[in-house]
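Reader: Hello! I am new to this structure and would love a close look at a single part of it. Could you pick one helix and walk me through what surrounds it?

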Amino acid sequence: MKPALTIASSLIALALSFCSLAAEQPADLGKLIARADAAGEQKAELYARVVVAEVAAVEHQFADGQNDTAFASVQAVNDYADKCLAAAELHAKKLKQTEIALRESARRLRDVEQTLEFDSRPKVKAAVQHLDEIRSKLLQIMFAPPHKK
């Protein structure tokens with residue numbers, strides 16, 4: 001009974017952390033970006049949080065009909081995912097949470113893609129593929145033999 005309770009509480013904590021990341025406002029996003037730019041070993045994790053917040057912004061922007069702004073946010077998702085990977089290559093710290101955040105972001109972008117008109121889907125699909133590539137590179141960094149890190 002205790003292992004099931006522990007797993008359930010862990011899943012609830014993880015869900016709450018993603019909800020809090022997704023609820024970040026633009027002012028908070030600016031602060032988070034500034035923190036990520038100035039961070040040392042936590043850069044990858046903070047850039048992953050920026051990606052999560054940008055994906056939440058993409059969802060809201062498409063829902064509100066702000067397609068141009070949403071596509072700019074999709075480009076920002078790609079840019080910050082690249083920065084996340086670059087930071088992970090320098091400091092391989094806390095990459096598990098970083099990879100989880102990018103996986104969840106890719107899933108959410110896939111969901112957004114399914115709601116769009118046919119002509120608007122390729123840009124979002126490309127961003128999803130880019131996130132998947134970044135994730136696979138992160139996994140290679142995480143599971144590389146010690147001499148290759």
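Author: Happily! One term comes up again and again, so here it is at the start: a residue is called buried when its relative accessible area is under 20%, exposed when that area is over 50%, and partly exposed in between. By that rule Phe62 and Phe71 are both buried, and we will come back to them at the end. Please keep in mind that this is a predicted model.

Let us begin with the setting. The chain has six helices and zero strands, and 40% of its 149 residues count as buried. Among the contacts between residues with a separation of 6 or more, 68% join residues 24 or more positions apart.

The part to look at closely is helix α5, residues 95-115. At 1.5 Å a residue, its 21 residues should span 30 Å, and the end C-alpha atoms are 31 Å apart, which agrees. The buried residues of α5 include Leu95, Ile100, Leu102, Leu109 and Val112. Charged residues are on that list as well, among them Glu99, Arg108 and Glu113.

Take Glu99 to start with. This residue of helix α5 has a relative accessibility of 6%, so Glu99 counts as buried. Leaving aside neighbours within four places in sequence, Glu99 is in contact with Arg135, Leu138, Leu139 and Met142. Glu99 also belongs to a network of salt bridges that links it with Arg103, Arg110, Asp132 and Arg135.

Two members of that network, Asp132 and Arg135, form a salt bridge with their closest N and O atoms 3.4 Å apart. Both lie in helix α6 (residues 121-142), three residues apart, so about one helical turn separates them. Asp132 is partly exposed, with a relative accessible area of 25%, whereas Arg135 counts as buried at 16%.

Now move along α5 to Arg108. Its salt bridge partner is Glu59, and the closest N and O atoms of the two are 2.5 Å apart. Because Arg108 lies in helix α5 and Glu59 in helix α3, this pair ties together parts that are 49 residues apart in sequence. Arg108 is buried, with a relative accessible area of 13%, while Glu59 counts as partly exposed at 25%.

A salt bridge within α5 makes a nice contrast. Asp111 pairs with Arg107, the closest N and O atoms being 2.8 Å apart. These two residues are four places apart in helix α5, about one turn of the helix. Asp111 is partly exposed at 40% relative accessible area, and Arg107 is partly exposed too, at 38%. The structure holds seven salt bridges, including the ones described here.

Finally, a glance beyond α5 at the aromatic rings. There are two aromatic pairs. Tyr47 and Tyr80 are stacked, with 6.0 Å from centre to centre and 25° between the planes. Tyr47 sits in helix α3 (residues 43-63) and Tyr80 in helix α4 (residues 67-90), so this pair links parts of the chain 33 residues apart. Tyr47 counts as buried at 5% relative accessibility, and Tyr80 is buried at 14%. The other pair brings back Phe62 and Phe71: their ring centres are 5.2 Å apart and their planes stand at 80°, so the pair is edge-to-face. Over the ring of Phe71 sits the charged end of Lys123, 4.7 Å from the ring centre.

Definitions and conventions: Residues are numbered from 1 along each chain as its sequence is written. This is a predicted model: local features need pLDDT of at least 70, side-chain atom pairs count only at pLDDT 80 or more; totals for chains, interfaces and linings use all residues. Side-chain values use heavy atoms; hydrogens and water are left out. Buried means under 20% relative accessible area, exposed over 50%, partly exposed in between (1.4 Å probe, protein chains only). Contact means heavy atoms within 4.5 Å. The expected span of a helix is 1.5 Å times one less than its number of residues. Rings of Phe, Tyr and Trp (its six-membered ring) pair if their centres lie within 6.5 Å; planes under 30 degrees apart count as stacked, over 60 as edge-to-face and the rest as tilted. A charge sits over a ring if NZ of Lys or CZ of Arg is within 6 Å of the ring centre and within 35 degrees of the ring normal. A salt bridge is a side-chain nitrogen of Lys or Arg within 4 Å of a carboxyl oxygen of Asp or Glu.
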